[in-house]
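Here are my notes on the two-chain model, point by point. Please keep the structure open while reading.

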Amino acid sequence: MAEFTMPSLGADMDEGTLQEWLVRPGERVRRGDPVAVVETAKSTIEVECFETGTVGELLVEPGRTVPVGTPLALIETEPREPEKPRRKPPRGRKPKATPPPEAIPPPLPEPAPAGVQESPVAPPPEERPQHEAVPLVRRLARERGVDLETLHGSGLHGRISRSDVRRAAARQPRARITPLARRLAGELGVDLSTVSGTGRYGAVRADDVRKAAAGPATALVSDRAEPARTAAEPARTADDRAAAMRRTIASLMARSKRDIPHYYLSTTVDMAAAMGWLREHNRRGPVGERVLPAALLLKAAALAVREVPALNGFWTEDHFTEGDGVHLGVAVSLRGGGLVAPALRDADTLALPQLMARLKDLVTRAREGRLRGSEVSDPTITVTNLGDQGVESVLGVIYPPQVALIGFGRVVDRPCAVDGLLGVRPTVTATLSADHRATDGAIGARCLTAVDRLLQHPEEL
Amino acid sequence: MNRTEAVDVVKESLAQVVPGADLAALRPDDAFRDALELDSLDFLSFVETLSRRTGVRIDDEDTPRLTTLSGCAEFLASRTE
């Protein structure tokens, strides 16, 4: 039995409000599945489960605010070695090693990718459920909302086939609806039988209702955003929220300046090559695939950080731990004040158009309050880009327990010495704030020179 | 597209990008990027939306003309003649 507790979604979080459960008691969850919506001072976040098992009792009602670490629900975890290996083949044989040929189905003819919540974290092999079902059958079961534990497979050794799952799905009642979704549907006048769910097992979630209320995608965003937002956040007024966010930022930044001995570096980068390349790229492609200078700067920062891993990670308990991958925290200012810095995960591995698309998506969701737990809890370094605010440089305050922050100002034309002559070039000032406990200036310098070098070859970014 | 139609489609596009923006208070020659606090991502989605709704391709070079309602209207009117 494990406890699902109120997670710490960043160093600035002391408590959170459980807004909505996305699962019900008795439902099976896998590690990485979103199970609850939690509202923090800064944002509304879908929180993923860290265990694989069955949801037991729900301990906290929606609407309650509890400190970080408070148990929210019990999860009955799967025993590693079940006492009664119901559908296990004779010992010593791995289930996946001997699937009879007929149990390997061809690719699903009717995949429903929009309805599948892919877990961001693949469960380690030993935590896999013990059903005798190949992955495609498991996926079908997830899509159709069938609990494999309750099924008796008709195949060899009780193996579950796709037709077993389909038969079970046909017997099931219609997909479930989360409580918040039901309330919203009432308020917005949405017929729930017309809404297709995107939650686990096709559960209809609040977001699905909001989307349905908004009608076709061509409707004005402003038409839908207002009623939906107010309905979803009845407990807090915008002023309360802004004040709470101010307080969390205040305490985190004070802690940063109290604990972290910052050092600052800065360099001016010639952006002629980068801007020229961007202009060409944007002229050739469709308007929807346009790339902004911000995406180039983020990619250069991510690659530079990969070269200097001592800046990418966390300082906790007097030592540095390197991050597993480059997850760039992107500082996003919110309308009405405040900011969040959700992670652009594995930013160093994304091709530019992909990075641009992810950036748009992340910023939109940050402003709508629809971030996921993994995005807010684990940025390994933050990048802030204040160019849009018209300033030429920013020396940022590090977000603990991270150890560095890269800042970019506005791309601005400046007189420069070019090949012994005076020329006017677009330039940007890149800065680094770093934790002197974790690194020294020489290490930091390597990062900024790498940013400069990378931006001279935009085609390789 | 005449100027009135153009102003309407510009306002609709802005409303889509900045839900809840006070467009009624926006005067024809106000620089709306500042007035509505659009960052570069917002402005890009405005350009995408406007381009999609009007069928006019808008290049980076055109964006300096898209700073005010009247500037946008003039630009759209000239491209849809």
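1. In which loop does P401(A) lie? P401(A) sits in the loop between β17 (381-385) and β18 (404-408) of chain A. The model is predicted, so read every value below as computed from it. The peptide bond between P400(A) and P401(A) is cis, with omega about 0°. Most peptide bonds are trans. This spot therefore deserves a look in the viewer.

2. Next, backbone phi. D346(A) has a positive phi, near 50°, and is a residue other than glycine. D346(A) is placed in the loop between β15 (343-344) and α9 of chain A. Another positive phi, near 45°, belongs to E317(A). E317(A) is in the hairpin of β10(A) and β11(A), where two residues separate the strands. Most residues other than glycine have a negative phi.

3. The hairpin strands themselves are β10 (residues 313-316) and β11 (residues 319-322) of chain A. They pair antiparallel, over four bridges. T316(A) is opposite H319(A) of β11(A).

4. Now the sheet. Chain A has an open sheet of five strands in the order β7-β2-β4-β5-β16, and the pairing is mixed. Which strands are at the edges? They are β7 (65-67) and β16 (371-372) of chain A, each paired on one side only. Inside the order, β4 (residues 34-39) and β5 (residues 44-48) of chain A run antiparallel and are joined by five bridges. V37(A) has E46(A) of β5(A) as its bridge partner. Strands of a sheet pair through backbone hydrogen bonds, either parallel or antiparallel.

5. Salt bridges over all chains come to 25. One of them joins the side chains of R425(A) and D270(A), at 3.0 Å from N to O. This pair links distant parts of the chain. R425(A) is in strand β20 (residues 421-435) of chain A and D270(A) in strand β9 (residues 262-270) of chain A, 155 residues apart.

6. Aromatic pairs number three over all chains. F32(B) and F46(B) make one that is edge-to-face, with 5.4 Å centre to centre and 75° between the planes. F32(B) belongs to helix α2 (residues 32-35) of chain B and F46(B) to helix α3 (residues 40-54) of chain B, so the pair ties together parts 14 residues apart in sequence.

7. How much area do chain A and chain B bury between them? The figure is about 1,900 Å², 53% of it on carbon and sulfur atoms. In chain A, V287(A), R290(A) and R335(A) lose the most area to chain B, together 30% of what that side buries. The contact draws 22 residues from chain A and 23 residues from chain B.

8. Polar links cross this interface too. Six salt bridges are counted between chain A and chain B. R290(A) makes one with D59(B), side chain to side chain, at 3.9 Å from N to O. That sits just inside the 4 Å cut-off, so treat the assignment with that limit in mind. Residue pairs in polar contact across the interface come to 10, with both members at pLDDT 80 or more.

9. Which helices of chain A each supply at least two residues to the side that touches chain B? They are α5 (221-232), α7 (272-284) and α9 (352-368). The largest share, five residues, comes from α9(A). By class, this side of chain A has nine nonpolar, five polar and eight charged residues.

Technical notes
Residues numbered from 1 in each chain as written. Chains lettered and ligands numbered in written order. Predicted model: local features only at pLDDT ≥ 70, side-chain atom pairs only at ≥ 80, totals over all residues. Heavy atoms only, no water. Contact = heavy atoms within 4.5 Å. Buried area = accessible area lost by both parts, 1.4 Å probe. Polar contact = N/O pair within 3.5 Å; in protein donor to acceptor, adjacent residues only side chain to side chain. Nonpolar A, V, L, I, M, F, W, Y, C, P; charged D, E, K, R; others polar. Pairing = 2+ DSSP bridges. Phe/Tyr/Trp six-rings, centres within 6.5 Å; stacked < 30°, edge-to-face > 60°.
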